[in-house]
Amino acid sequence: MGSIATTRKYGLFVEGQWKETSKRDSVFDKYSGNVIGTVSVSMKEDVDAAVESAKKAVKVPFSPYERYTVLKRAAEGLMDRQEELAVILAEEVGKPISESRGEVARAAQTLEISAEEAKRIHGEGIPVEAAPGSENRQAYTKRVPVGVIAAITPFNVPLNLACHKVGPAIAAGNSVILKPAEVTPLTALVLAEVFEAAGLPQGRLHVLTGEGAEIGGWLLDNQDVNMFTFTGSPRVGQLIREKAGLRKVALELGNNSATIVHKDANVAEAAAVTAQKSFNNAGQVCISVQRVYVHEEIYEEFLEKMKETANALVETGGKREGVFYQPTILTNVHDDMKVCRQEVFGPVVAVMPYGSEDEVTRRVNDSEYGLQAGLFTNSLSFAMKAADEIEVGVLIINDTSGYRVDQMPYGGVKKSGSGKEGPKYAIEEMTEERIVVFNL
Ligand code: NAD
């Protein structure tokens, strides 16, 4: 694979300009360790200038149809640069080129859906006239932008997760300051180029690179930032929630995703999909399958079949070779072990037997996290019971916890966070509902 990112040198994208700073950071190819680019390190004055410019920009009229047009063009712009972006993703994240191409296509989808949603933001009529004494009044609600949004994103899916914040924020009429992960900033900077070329008005998007804790702290200190939307670890999520005070916060955090395989499931299919979704992106996906509960009657058969698929991926086995860790299936695991309790974020999956529906429901719920879960079953009653009782934001029937498409509401409960992504739902988070009451 050719390294077209080798000579990349980026400044910050602030106030519609590319700005060099005195300090630079290197970005590395995660496979070879080679430097593939350098980026400017933001200082406090850059953060404050971005916030000031973002605040001014929200006052400049930008109609829903204009937002639609810009987002649509940006979606097309991403696809025009698909191969270039895929190579950067493969290098800066260290993911296979086929997955990287898929991420660019998903990111374009996310912007396209955001474009469509820009034309559908609406309120509703409120029948205040039905209240005694209010017969001569009428009211409706409207959704207004929150203003300046700080978007902080993680390293594992750097382009699509940035689009899940930037797309809806722009669709809803806000200005965004994007702070990508230190180790994967390049795709976010190309995204700024794509929006610039798509005609996004100046000040609506800024990209600040540099040290996460420093930039995060300066953004949190600046009271002109109205909302924080964060995807990343629970540790940083909690810190943002504490420092944001009364401001809006949306948090997409970690998980130790469970998938149940019931005795009436199609075992071969469940085993193949589960192996694939446990090791996708080397397990560095927040909904990567980590805990698999298999009914005791099919446990051995499932394990054999899952091993077959895993072996076909790469040799299995708990070993590290340089920067690689082999896909690893753990058995004889107890619920109290770290591999079940904490988020692994690597190609490791634990497979455990269970006896009854109630037992497995209790064990899946015995977790600090609650983002997504999967259940393979042909029993309608178990599926319906799981829909009522499994404590997650998203339950997937007859697939693993690893299923996601970009228009669905996506977000967790417990330590997995609060607030939803998926453009339509993120727009709800990124707008305020205002009610207007007329005294006729
Ligand atoms: P991380 O929390 O280390 O970093 C995320 C972002 O926060 C980065 O941009 C980083 O620079 C920034 N940051 C670091 N310290 C900060 C501070 N003090 N203040 C403000 N910002 C700060 O997470 P990561 O290692 O990049 O990503 C992995 C984590 O992300 C996993 O826990 C994974 O589950 C989670 N994740 C969740 C989802 C989801 O949608 N729920 C999706 C992908 C990843």
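**A tour of two domains and a surface patch**

Start with the boundary between domain 1 and domain 2, where about 1,000 Å² is buried, 50% of it from carbon and sulfur atoms; buried area here is the accessible area (1.4 Å probe) that two parts lose on being put together, summed over both. You are looking at a predicted model, in which local features need pLDDT of at least 70 and side-chain atom pairs count only at pLDDT 80 or more, while totals for chains, interfaces and linings use all residues. Residues are numbered from 1 along each chain as its sequence is written, and side-chain values use heavy atoms, with hydrogens and water left out.

Now colour the two parts. Select 9–253 + 418–436 for domain 1 and 258–405 for domain 2, bounds that come from an automatic or database domain assignment. Their centres, taken over C-alpha atoms, are 32 Å apart. At the boundary, 14 residues of domain 1 touch 12 residues of domain 2 (contact: heavy atoms within 4.5 Å). The rule finds 0 salt bridges across this interface (a side-chain nitrogen of Lys or Arg within 4 Å of a carboxyl oxygen of Asp or Glu).

Next, select Y31, in the loop between β4 (24–28) and β5 (35–40); strands are DSSP runs of E, at least two residues, numbered from the N terminus. Y31 counts as exposed because its relative accessibility is 57% (buried is under 20%, exposed over 50%, partly exposed in between; 1.4 Å probe, protein chains only). Add V323 and F324: with Y31 they make a nonpolar surface patch of about 360 Å². Such patches join nonpolar side chains (Val, Leu, Ile, Met, Phe, Trp, Tyr) within 5 Å, from residues with over 30% relative accessible area and no salt bridge, with areas from the Shrake-Rupley method.

Terms used:
Patch = residues over 30% accessible without salt bridge, like charges linked within 9 Å, V, L, I, M, F, W, Y side chains within 5 Å. Areas by Shrake-Rupley, 256 points an atom, 1.4 Å probe, with all protein chains shown as cover. Helix = DSSP H or I, 4+ residues; strand = E, 2+ residues; numbered from the N terminus.
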